[in-house]
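Subject: A structure for you to explore

Hi there,

Here is the structure I promised to pass on. Please open it beside this email and turn it around a little before reading further.

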Amino acid sequence: MKLILVFAILSGFFLSEVQAQQRTDFKEPSQMSKYDFLTLTSKSDSLTAVVNMFFRKRKSATTTGLIVGGSGLLIGLVVTSANTTDQAIGLIGGVLTGQVPEETKDPGGEIALIGLAGGAAITTIGRSKYTKNNLYKIISEYPETKKIPSKYASKLSPRDFSFMRN
């Protein structure tokens, strides 16, 4: 009985190791780089353009989101700084005159939060339209259909047909 159990366990380890070694050359699409996709599409100019367009759109969404989020944060800090300076001046004036300054609401934090949330939303929405899984699906279906879906083909620009692999 013990010999059969040991044999079953060793067989299980052996089979799992064989399966693991067979799958080492395949990457999940979400883990693939632009170069990996370009390697898959090296025989088709159209697919190369689609890969370039997908990665251009993903980079553009990320850049826009960072600009919006950073701008909102910067504006919020400036507003907060201006309000803090005004409050400090009012506090000093109040001490000298004996009046208590009014407390004012500082919108700087809200502006920064809205900017950061807007930037995150832009990045998320922009990148979700051009996922690596969608790109992999287009590449894998292309040999049978010989077509690029029109919603992506219409967004191709001449620069997407350049073959730079950066």
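Below is what turned up, starting with the whole chain and then moving to single residues. Please keep in mind that this is a predicted model.

**The whole protein**

The protein has six helices and zero strands, so from the N terminus you will meet α-α-α-α-α-α as you follow the elements along. Of its 166 residues, 23% are buried. About 12000 Å² of the protein is exposed, and 65% of that area is supplied by carbon and sulfur atoms. If you look at contacts with a separation of 6 or more, 80% of them join residues that are 24 or more positions apart.

**The salt bridge**

How many salt bridges does a search of the whole structure find? It finds one. The partners are Asp 160 and Arg 56, whose closest N and O atoms are 2.8 Å apart. Asp 160 sits in the segment after H6 and Arg 56 in helix H3 (residues 45-97), so the pair ties together parts that are 104 residues apart in sequence. Asp 160 counts as buried because its relative accessible area is 2%, while Arg 56, at 21%, is partly exposed. As general background, side chains of opposite charge can pair when their charged atoms come close.

**A few lysines worth a visit**

Begin with Lys 132, which belongs to helix H5 (residues 132-145). Lys 132 is buried but has no salt bridge. Why not? The nearest side chain of opposite charge, Asp 36, is 7.7 Å away, and a salt bridge needs the side-chain nitrogen within 4 Å of a carboxyl oxygen. Leaving aside residues up to four places away in sequence, Lys 132 touches Pro 29, Ser 30, Met 32, Phe 37, Phe 55 and Arg 58.

Next, find Lys 146 in the loop between H5 and helix H6 (150-153). Although Lys 146 is not a glycine, its phi is positive, at about 55°. That is worth a second look because most residues other than glycine have a negative phi. Lys 146 counts as exposed because its relative accessibility is 57%.

On the surface, Lys 129, Lys 137, Lys 151 and Lys 155 gather in a patch of positive charge. One of them, Lys 129, lies in helix H4 (residues 108-129) and is exposed, with a relative accessible area of 52%.

**A nonpolar patch, and H3 beside H4**

Which residues make the nonpolar surface patch of about 260 Å²? They are Leu 73, Leu 77 and Leu 116. Leu 116 is in helix H4 and is partly exposed, with a relative accessible area of 41%.

Finally, look at Thr 63, which is part of helix H3. Thr 63 counts as partly exposed because its relative accessibility is 37%. The C-alpha atom of Thr 63 is 7.9 Å from that of Thr 123, although these two residues are 60 residues apart along the chain.

If you would like a place to start, try finding Asp 160 and Arg 56, the pair that forms the salt bridge. Then go to Lys 132, which is buried yet has no salt bridge.

Enjoy exploring, and write back with any questions.

Best wishes

Note on methods: Residues are numbered from 1 along each chain as its sequence is written. This is a predicted model: local features need pLDDT of at least 70, side-chain atom pairs count only at pLDDT 80 or more; totals for chains, interfaces and linings use all residues. Side-chain values use heavy atoms; hydrogens and water are left out. Patches are made of residues with over 30% relative accessible area and no salt bridge: like charges are joined within 9 Å, nonpolar side chains (Val, Leu, Ile, Met, Phe, Trp, Tyr) within 5 Å. Accessible areas come from the Shrake-Rupley method with a 1.4 Å probe; for residues, only the protein chains shown count as cover. Lys and Arg count as positive and Asp and Glu as negative; His and the chain ends are not counted. The place of a charge is taken as NZ of Lys, CZ of Arg, CG of Asp or CD of Glu. Helices (H or I, at least four residues) and strands (E, at least two) are DSSP runs, numbered from the N terminus. Buried means under 20% relative accessible area, exposed over 50%, partly exposed in between (1.4 Å probe, protein chains only). Contact means heavy atoms within 4.5 Å.
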